[in-house]
Amino acid sequence: MGASGSPAVSVADVVAALDQRYPPAWAEGWDRVGLVVGEPSAPVRRVCCVVDVVPETVAEALGYGADLIVAHHPLLLRGVSSVAATTYKGRIVHQLIKNDVALYVAHTNADVASPGVSDALAVRLGLTDLRPLRPADPSGPAAGQGRGIGRIGRLPEPTTLAEFTGYAARALPPTAWGVRAAGDPGRTISTVAVSGGAGDSFLGDALRAGVDAFLTADLRHHPVSEYLAEDGPALLDAAHWATERPWLDDLAARLRERLGVETLVSDLDTDPWTVQAASPVPPVLTPASSVDKESLR
């Protein structure tokens with residue numbers, strides 16, 4: 001029994017609530033979601049919500065007294081033959097089991113959900129009239145009801161790419177990476193597509209949608225260059241962690257409202273890029289200063 005005399009919430013209860021919100025069947029075939037570590041009958045009083053299961057966030061969860069960690073990124077995405085404590089992942093598994101802490105993952109099934117990861121990102125940026133960037137497969141289990149990868153929305157009023165980039169950097173959780181943009185700084189931005197996490201595989205969707213800008217993470221040089229040459233949308237590249245962190249607030253609120261458990265949202269920046277230095281702005285050369293003609297004689 002809980003302190004109030006009500007039946008204790010169990011790991012199985014939380015798993016059922018999360019599976020209902022983010023059905024595992026919605027995940028990509030390569031993904032690994034659901035309960036990773038934990039005894040289903042164990043009680044849950046406190047839940048820690050994280051993007052990444054790394055030593056720092058696990059230590060934070062243990063310090064908080066969490067009984068369950070809900071993560072976005074899988075700890076064990078690829079097949080393993082050992083969880084010996086000779087690797088950091090093995091050590092994490094041992095820590096969780098020794099401390100009776102369960103681990104649950106909602107990844108691509110949370111990406112396509114409505115509301116899901118990209119909805120939280122879009123709302124953080126002030127977008128309205130949301131619709132999927134890539135709707136879920138009509139014949140798949142996630143079909144319908146606005147589900148799919150990414151979101152397209154409209155800004156309250158038009159702005160320039162330079163202004164929107166600065167706004168996005170202030171609106172998203174701070175990281176050393178910040179936000180960088182590709183395109184004409186003075187371009188007018190009204191419609192924006194977003195996709196939490198790595199999004200260069202959705203560049204074609206943004207181009208076909210005719211949006212003014214597409215904000216995502218992990219963009220690469222050649223795809224960006226090619227889509228700009230095709231008169232595609234302006235592109236904004238933010239830190240991977242920062243584009244997915246807003247979803248944790250929605251997740252935590254859902255668990256509190258549905259199950260009455262205490263929740264902690266981790267604000268530990270787990271983006272691997274920790275140092276950033278801007279290149280110095282080159283001086284504007286004038287005809288008199290660009291070449292010393294006497295030195296050429």
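## A walk around H5, H9 and two helix pairs

Start by selecting H5 (117-124): its buried residues (under 20% relative accessible area with a 1.4 Å probe, protein chains only) pack against helix H4 (108-112), strand S5 (128-135), strand S6 (148-160), strand S8 (188-198), strand S9 (213-217) and H9. Helices (H or I, at least four residues) and strands (E, at least two) are DSSP runs, numbered from the N terminus.

Before moving on, note that this is a predicted model, where local features need pLDDT of at least 70, side-chain atom pairs count only at pLDDT 80 or more, and totals for chains, interfaces and linings use all residues. Numbering runs from 1 along each chain as its sequence is written, and side-chain values use heavy atoms, leaving out hydrogens and water.

Stay on H5 and colour Val117, Ser118, Asp119, Ala120, Leu121 and Ala122, which are buried. That makes six of the eight residues, so H5 is largely enclosed by the rest of the structure. Just after H5 comes glycine 126, with a positive phi near 80 degrees.

Next, pick threonine 243, which sits in helix H9 (residues 240-259). Is threonine 243 buried or exposed? Its relative accessibility is 0%, so it counts as buried. Show its contacts (heavy atoms within 4.5 Å): beyond neighbours within four places in sequence, threonine 243 touches Val117, Leu121, Gly196, Gly197, Leu215, Thr216, Ala217 and Ala238. Put a distance label on the backbone nitrogen of glycine 197, which lies 2.8 Å from a polar side-chain atom of threonine 243.

Now for helix pairs. Two packed helices are described by the angle between their axes and the distance between the axes. Here, axes are lines fitted to C-alpha atoms, for helices over the stretch in contact, and angles run from 0 to 180 degrees between N-to-C directions.

Add helix H1 (residues 11-21) to your H9 selection: the axes come within 11 Å and cross at roughly 125 degrees. H1 and H9 are therefore oblique to each other (that is, not under 35 degrees, over 145 or 65 to 115). On the H1 side, show Asp13, Val14, Ala17, Leu18, Gln20 and Arg21; on the H9 side, Leu251, Arg254, Leu255, Arg258 and Leu259.

Last stop: select helix H2 (residues 55-64) and helix H3 (residues 88-98). Their axes come within 11 Å too, crossing at roughly 10 degrees, and the two helices are therefore roughly parallel. Pro55, Val58 and Leu62 of H2 meet Tyr88, Ile92, Gln95 and Leu96 of H3.

How values were computed. Buried < 20%, exposed > 50% of the residue type's maximum accessible area, 1.4 Å probe, protein only. Polar contact = N/O pair within 3.5 Å; in protein donor to acceptor, adjacent residues only side chain to side chain.
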